[in-house]
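Hi everyone, thanks for making time this morning. I'd like to walk you through one structure, so please have the sequence and the viewer open.

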Amino acid sequence: MTGRKWFLRCGFWLMFLACAGVGATPSPTLQAIEKSGVIRIGVKSDFPPFGMLDGEGQPKGMEIDLARDVARRLNVSASLVKVTTENRLQRLEQGAVDLVIATTADTIERRRIATAIEPPYYAGGVTVMMRENQRIQDWAGLRGKTVCATQGAYYNRPMAERFLLDLVIYRDTRDALLGLRDGRCVGYLYTQSAIHAFLAKEEWKGYAAPLPLAMVSQWALFVSRAEKGTAYERAIGDIVAEWHRSGFLKEREAAWGLPPSPFLNQTQAQWLAQDKAGHWVCSRTPEGEWPTACRNTALLTSAEATGLQNIGLLIKERTGIDLSFVYDPFDRARFFKGLAITVVMMAACVLASLAWGMAWALLVDGRVRWLSALARLAAVYARMTPPLLQMYLLFFGVGGVLFASLGWSLYPMAVAIGCMSCYTGAAIMNSLVEAARHRRLSNPSFRLKTGTLMQAALLAKGPIMGSLINVMKQTVMASAIGVPELLLVSLAIMADQGNVNVMMNVLLVAYLALITAAAALLAWLQAWVTRRHQGVH
Amino acid sequence: METLETLWTWTPFLLQGFGWNVLIAFSAGLIGLAFGVPLAYLMRARTRWVAGVSQRTSGVIHHLPTFALIFYMAVILPAEVSLPWMDAPLRVAAWFKVALALSAMQIGYVSENFSIALKAWRDGDAAKSMLFIPGWINGFLITAIASSNASVVGVNELVSRCNTVIAATGQTDLMIPVYLYASLFFLAFCFPLAWAVGKLKTRLAARVGLSRPR
């Protein structure tokens, strides 16, 4: 290193440490590290490729690289200390290590006994290893399917609950893998890093892990509890932020043969975002904290948040009811988007069903020879086959052909509205035609025409209202072909947050409120139309 | 031709699946009767508040979306329940959870229609109260069609088996024929019933002397 370079680097780190020190209390740990010139870092030796031993018994792995980089950036040397899952946070508390980089997931419980460094540096989770060509691309595709799992894994129960998996539990990994090989299950549920290691082996050729990570937990560096808010915590946090911004983590991930994780991409984008003035959006506040938008809201306490976030977190702390769509901006955005889509779908389905039903009734009662007969036949088919099947037929069947031959893709929402209003339109047509038949008892020349349609509609208003309320309830079905309405977003939120019961109850109450309100609105409209019509005649 | 042969090969498999649909629909229908009829009696109770509360309940049940309720039951209900008089815990099968979810719709129909029938009966109009029967069968048909929704929570019924067949044969061009074929199962089951209901209703209506469209 040339003198000039050394000088620049020293200057940079002095500035860096000075900045990091803003709003922070001095740290005895940092002083001790600087004095001794050594930082003691706890790492794992049994978790490839994050922390393992090489042929000579020396530690290596992605986390070892991170540990060395921390020391380099602090301008001290690294002393690596072997820790285990059981003792890693204890070693911190005892003062045996200054920092822990040991695949430690950041949880509220752990934050009570140690200080998690924000931002997190990696994310682990579970996935499913299965034969290739299974045509299962998402977790919904595994509902009700038999999946192998290992006894005692903490994620077995939540995964079975959130994704409706039928788990067969094996005593150990070996047995579960054999179960998978012998076809006793469609896949093996296990941690992503371990599955990745299996897939690298020759014996598991032809197997893959195509599903996105579930039960994602973010991994954090940890310092001792006493270091919360000190210059030391800030300095380490700034280093991790710099790792994200510079792409160092992504580069190390690739170097150790890990598949590119969406977490690193998202976090990098988040930490590289700049405001109009060209400052990082995620930069320290005057108090030295990261802005709440750059933190994991699920791990915040109400004291750390304001406004809606504060209310949502308070409810969670006091009652245990996890309304993540109140305190988490991401969940809130998707929940209300789902709500909006549901409202739009309801309105569109009601209008389309009425239009379909009236047009159909005119055609059937109009006696246009074979056309009327055909319309009647089509209505029987529409009314007596499940709308779900019609949606699959149109979206996957016809949609697939259209895409293959013409390159067109169908809008799932349009398909859903079309199919559901077709089913309901047929029922409305039936009511109208029956009303017309009833009219003919007193007036044999009565025919459904544009002028007389209203009379029939008023006569059949009861059944028509029933059909319309039904179609509004049916809009939920659009989730089956991927329309992100309320049910689908609620399933996504509960899969990410684990607040299964809360989301399910919220969902039901939300639908009940929506449909009750919509039914009242429809009844009011119907009364208004009736009054106007009677006024005319 | 080849397609027809494939469909023929898979017919027993698909038929078995349809058996689940019928079972789910019948169970839901029975549960609906078991709870709907007492609710209807309560709705016609002489005590004012009892009638009011039951009518509210019936209304709420009527407004619950079935599809969401299927997920609700599948997620919230435990996979096993232990009953005090049984040694081993009782497994709550997925199809039964769906039947429970669908029975809500049935309870809604039954309580509403049966309370109308009850009033007619008390008013001495026995024939009109008989109109409950075609009404119930109509509700049952809607439930039978809705039983296809069980596929989304992994019950191995007809629609779910269609997807299995498509995946197993690996032929994407089989999709349209298989789904169409499956829809014929529902048509073949529902059409005769619906036709019979139509006849029954006309005859009953003639006896009542009113053929008000319903």
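**A walk through chains A and B**

Let's begin inside helix H3 of chain B, where Thr66(B), Phe67(B), Ala68(B), Leu69(B), Ile70(B), Phe71(B), Tyr72(B), Met73(B), Ala74(B) and Val75(B) are buried. That makes ten of the eleven residues of this helix, residues 66-76, so the rest of the structure largely encloses it. Please keep in mind that what you see is a predicted model.

Now let's step back to chain B as a whole. It has eight helices and two strands. Reading from the N terminus, the order is α-α-α-β-β-α-α-α-α-α. Its C-alpha atoms fill a box of roughly 60 × 50 × 30 Å along the principal axes. Chain B has 214 residues, and 45% of them count as buried. How much of the contact set in chain B, at a separation of 6 or more, comes from residues 24 or more positions apart? The figure is 73%.

Next, the core. The largest nonpolar core has 160 residues, and those with the most contacts inside it are Leu432(A), Ile70(B), Val98(B), Val153(B) and Ala182(B). Which helix gives the largest share of this core? That is helix H17 of chain A, residues 412-442, with 15 residues. Domain 2 (122-216) and domain 3 (330-536) of chain A both contribute residues, so the core lies between them. There is also a second, separate core of 45 residues, which includes Ile39(A), Leu74(A), Ala114(A) and Phe263(A). As general background, nonpolar side chains in soluble globular proteins tend to be buried together.

If you'd like one residue to click on, try Val98(B). Leaving out residues up to four places away in sequence, Val98(B) touches Ile24(B), Ile70(B), Met73(B), Ala150(B), Val153(B) and Val155(B). You'll recognise Ile70(B) and Met73(B) from the buried list in H3(B).

On to where the two chains meet. Here 43 residues of chain A are in contact with 38 residues of chain B. On the chain A side, helix H15 (370-384), helix H16 (387-406), H17, helix H19 (461-474) and helix H21 (500-536) each supply at least two residues. The largest share, ten residues, comes from H21(A). By class, the side of chain A that touches chain B has 28 nonpolar, nine polar and six charged residues.

Let's turn to the layout of chain A. It is divided into domain 1 (3-118 + 220-295), domain 2 (122-216) and domain 3 (330-536). How far apart are the C-alpha centres of domain 1 and domain 2 of chain A? They lie 31 Å apart. Seven residues from domain 1 of chain A and five residues from domain 2 of chain A make the contact. On the domain 1 side, the residues are five nonpolar, two polar and no charged.

For the strand fans, rotate to strand E9 of chain A, residues 146-150. Four of the five residues of E9(A) are buried, so to speak of it as mostly covered is fair. E9(A) runs parallel to strand E10 of chain A, residues 166-170, and five bridges join the two. Val147(A) stands opposite Leu167(A) in E10(A). Between these strands the chain passes through helix H6 of chain A, residues 156-163, in a right-handed β-α-β crossover. E9(A) also pairs with strand E11 of chain A, residues 187-191, in the parallel sense over two bridges. There the bridge partner of Val147(A) is Gly187(A).

My last stop is an open sheet of three strands in chain A, in the order E2-E3-E4, with antiparallel pairing. Strand E2 (46-47) and strand E4 (59-60) are the edge strands, each pairing on one side only. E2(A) pairs with strand E3, residues 51-53, over two bridges, and Phe47(A) has Gly51(A) as its bridge partner in E3(A).

Met52(A) is found in strand E3 of chain A. Is Met52(A) buried or partly exposed? It has 17 C-beta neighbours inside 10 Å, so Met52(A) counts as partly exposed. Beyond residues up to four places away in sequence, Met52(A) touches Ser45(A), Asp46(A), Phe47(A), Lys60(A) and Gly61(A). By contrast, the C-alpha atoms of Met52(A) and Glu109(A) are separated by 27 Å, with their positions 57 residues apart along the chain.

That's my tour, and I'm happy to take questions.

Methods
Residues are numbered from 1 along each chain as its sequence is written. Chains are lettered from A and ligands numbered from 1 in the order in which they are written. This is a predicted model: local features need pLDDT of at least 70, side-chain atom pairs count only at pLDDT 80 or more; totals for chains, interfaces and linings use all residues. A residue is buried if 20 or more other C-beta atoms lie within 10 Å of its own, exposed if 12 or fewer, and partly exposed in between; C-beta atoms are placed from the backbone. Two residues are in contact if their C-beta atoms, placed from the backbone, lie within 7 Å. Domain bounds come from an automatic or database domain assignment. Ala, Val, Leu, Ile, Met, Phe, Trp, Tyr, Cys and Pro count as nonpolar, Asp, Glu, Lys and Arg as charged, and the others, Gly among them, as polar. Two strands pair if DSSP finds at least two bridges between them. A nonpolar core is a set of buried Ala, Val, Leu, Ile, Met, Phe, Trp, Tyr and Cys residues joined through C-beta atoms within 7 Å. A crossover is right-handed if, with the strands pointing away from the viewer, the path from the first strand over the helix to the second runs clockwise.
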